[in-house]
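Got your viewer open? Let's take a walk through this one, stop by stop, selecting as we go.

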2 protein chains.
Amino acid sequence: MPLRVEILNTGSELLLGQVTNTHLASIAQALFPLGLRVQFQTCVDDGEPIRPALQAAFSRCDVLIVTGGLGPTSDDVTRDVTAELLDLPLRHDPVVMQAIEERFARRGLTVTGRIQRQAQVPAGAEVLPNPNGTAPGLYVKTDQSPFLFLLPGPPRELLPMLHNEVIPRLHTLLTDATPHECKVYRLAGIGESQVEDLVGAQLEAINGLELGYCARAGEVDLRIIGTPAVLEFADRIVQKALGDRIFSADGSNLESVVVNLLRDRNCTLALAESCTGGFLAHRVTNVPGASSVLDCGLVTYSNESKTRLLQVSETLLAEHGAVSGQVARAMVEGLLHTTPCDFAISVTGVAGPGGGTEEKPVGTVYIGLGRRGKEARVARHQFVTDRETFKAMTTQTALEMLRQDLLKG
Amino acid sequence: MPLRVEILNTGSELLLGQVTNTHLASIAQALFPLGLRVQFQTCVDDGEPIRPALQAAFSRCDVLIVTGGLGPTSDDVTRDVTAELLDLPLRHDPVVMQAIEERFARRGLTVTGRIQRQAQVPAGAEVLPNPNGTAPGLYVKTDQSPFLFLLPGPPRELLPMLHNEVIPRLHTLLTDATPHECKVYRLAGIGESQVEDLVGAQLEAINGLELGYCARAGEVDLRIIGTPAVLEFADRIVQKALGDRIFSADGSNLESVVVNLLRDRNCTLALAESCTGGFLAHRVTNVPGASSVLDCGLVTYSNESKTRLLQVSETLLAEHGAVSGQVARAMVEGLLHTTPCDFAISVTGVAGPGGGTEEKPVGTVYIGLGRRGKEARVARHQFVTDRETFKAMTTQTALEMLRQDLLKG
């Protein structure tokens, strides 16, 4: 019988929509390799609503992970309400207090009365140290509640605590010997229903296989869950039907795959972006080790910078406009001319909301791909959406163009 | 008595952590101006778990917004389960079918059997058109359920439908004449407990004021909620105590504030980034109209590109290393020399996980700020965290340096 895991996120900023809840995704990703899945997640306001939410969750799950409400301010009540519900007196913990004082001293700050609340610990609870903030986490084990982890809200504090403190403790609770595995195929350049048409019927016929699809900007994810033997069988079907459309089957994102392909081939890359405004360079440089393949990225927003940095001629800009296949090609050629790189990508388009014309409406984008010694290629696309999704879809398409080119050898 | 609003997010990709749930934040933001707040949010797996979750929500709220499970694949069961629970027969809708067929024809695709499921509509339900995908939304009004909105999962389909279809319908349900208002002060360069020390006691003493704090990467948000009169009173206290630390009080993010300040002053900006890899340019270009202030952004990842594009001397790089105050200064000077811009920002540091030394450990970063005709300034910071949070904190600090400089005149 697998452990029933539940997450309770507290924080009015989440229910007001001022902050996006990233905790569910982070925690779920960390639990999966243990064979644990989150079965239920709830989000409530700070303060009193935490009480009934905790009570309801206590009766429903074996492991409860609560995020938020451990800070120094008056709306942080998770610690107090938990102690009250479980009838555990709060004690002052001198070790926690010392860590807080040392942290403040290093930053040249003095400890105020509010901060001291964070050194209160419910009797019997284990303190989970927080090297990235003042509020420690708490691990509470009682007879009348699930295994209870109280974690701080800021992701930069929660994430290290999750990996260093929570996961090892959950590991000791597990008895199940053969957890299921999950495999996610990430695909680009193909639609969700096309994917199901190609593999759905064959996969649904497999006993004990759980199947799911998810459409994202410029991407479809196909997810299968089952025992290792079942997954191996399903994998052959998927690989045969979808082949090169799969850019990763190990969770890697497209930018990691592309950076690794370039590194394996000892190749370098230069980028020139207009409408994506640095998002392509940002994605590439999010990959650790990107510095060995990326020479430079140029965000040539003004026409003048396209001429200055990429030698795009003023005549060409005047004749065809900055958003044109001719300029995308000239940007790629400029990169290959001014850098020593093997590959070059250029992007020019109309992200919107303004700037569209009848001939080139908002969402029009030209992507250029250059490879030293070969003719540059340019593709035109139309992504009618908001500014940020436009950037996501355009950069995804550009990276996939490069990946397909790299696969050819 | 305000309407009780609840959100039910369906999708195994959410509980598996493969996709971050952005729906709660988007929907909450859209509802708030109507005086509506989300009181409760739950997330469950695709398929059967939707049934008990719907039943529980039916008894708890006045308005229920369900996301996901309307697609063409076999795990999409929201429409069918809703119809079954409410005893509403499903009918084939020829208008929906025609819209689907037209959409497919435009893209040169043929309609498959799976897709046709999306033209099934529960009797009595209103169809909410989906110009960005095949699955329409549904608005179901019955005596035995809350007002029920079924919306598609992909954000690029859900968001336009939310604003164009859901919000106007919710508006007609409202009777309350004086909704509360919410004001969020966004602050940089100050910690959460410092903010509470400066304003907490005075604000807590105000009758009818709801108060909240939220710490984010390089930012603290102070939130107050109350009637317009109460907010006006509280606003004077906040403005007096926190003054210039507040970069916005209308929800604007720091990049928008900086772009608008530059535009008001008719000033232009150039960027040179090493360790932030284009994220600074990405943030600036996310602001509509950024093209009138941003000339260019250079992602000078290699030493050679720092020399080629920014005229940073090889001697300087060899003597002090790329991560140094001297190089940050030279990068800014190079930008001002090669571009016509009024302001220049440079960033060079060690994002990690590799590349740290004893003298310059992972997290070390130098930020340079240049203003034409003035001496460049360089600040050193230490942000020990993951690669993406490092980028967020560094760019936030750089933008705040520029904002403070712009405030001086």
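Begin at helix 12 of chain A: select residues 303-310. Keep in mind along the way that this is a predicted model. Which residues of helix 12 are buried? They are Ser305(A), Lys306(A), Leu309(A) and Leu310(A). These four sit on the same side of helix 12 of chain A, because they cover an arc of only 105° around the axis. The spacing fits the general rule: an α-helix has 3.6 residues a turn, so residues three or four places apart point the same way.

Now show what covers those buried residues. From chain A, the cover includes strand 13 (269-273), strand 14 (294-300), helix 13 (314-320) and helix 14 (325-338). Chain B joins in too, with its strand 14 (294-300) and its own helix 12 (303-310). Before leaving, click on Gln311(A), just after helix 12 of chain A: its phi is positive, at about 55°.

**The two chains together**

Colour by chain and zoom out. A turn of 180° with a shift of 0.0 Å along the axis lays chain A on chain B with an RMSD of 0.1 Å. The two copies are thus related as by a two-fold rotation axis. Both copies use the same surface, as 100% of the contact residues of chain A recur in chain B.

How many residues does each chain bring to the contact? Chain A brings 85 and chain B brings 86. Between them the chains bury about 6900 Å², with 52% of that on carbon and sulfur atoms. On the chain A side, select Leu16(A), Arg156(A) and Tyr301(A): these lose the most area to chain B, together 9% of what that side buries.

Next, look at the polar side of things. Across the interface there are 35 residue pairs in polar contact, counting pairs with both residues at pLDDT 80 or more. The chains also share 4 salt bridges. For one of them, select Arg308(A) and Asp295(B), whose side chains meet at 2.8 Å, N to O.

**A stop in helix 10**

Back in chain A, pick Val259(A), in helix 10 (residues 254-264). Is Val259(A) buried or exposed? It has 2% relative accessibility, so it counts as buried. Leaving out neighbours within four places in sequence, its contacts are Val284(A), Val287(A), Ala290(A) and Val293(A). Add Leu399(A) to the selection: it is 140 residues away along the chain, yet the two C-alpha atoms are separated by 9.7 Å.

**A stop in helix 2**

Move on to His23(A), in helix 2 (residues 23-31) of chain A. At 7% relative accessibility, His23(A) is buried as well. Show Asn9(A), Thr67(A), Gly153(A), Pro154(A), Pro155(A) and Leu158(A), which His23(A) contacts once neighbours within four places are set aside. Then draw a distance to Leu90(A), 67 residues apart from His23(A) along the chain: C-alpha to C-alpha comes to 27 Å.

**Last stop, chain B**

Finish on Ser346(B), in strand 15 (residues 343-349) of chain B. Its relative accessible area is 0%, so Ser346(B) is buried. What does its side chain reach? Look for the backbone oxygen of Ala328(B), at 2.8 Å. Not counting residues up to four places away in sequence, Ser346(B) touches Ala272(B), Ala328(B), Met331(B), Val332(B), Tyr366(B), Ile367(B) and Gly368(B).

Conventions: Residues numbered from 1 in each chain as written. Chains lettered and ligands numbered in written order. Predicted model: local features only at pLDDT ≥ 70, side-chain atom pairs only at ≥ 80, totals over all residues. Heavy atoms only, no water. Buried < 20%, exposed > 50% of the residue type's maximum accessible area, 1.4 Å probe, protein only. Helix = DSSP H or I, 4+ residues; strand = E, 2+ residues; numbered from the N terminus. Arc of directions from axis to C-beta. Contact = heavy atoms within 4.5 Å. Least-squares fit on C-alpha atoms with pLDDT ≥ 70 in both. Polar contact = N/O pair within 3.5 Å; in protein donor to acceptor, adjacent residues only side chain to side chain. Buried area = accessible area lost by both parts, 1.4 Å probe.
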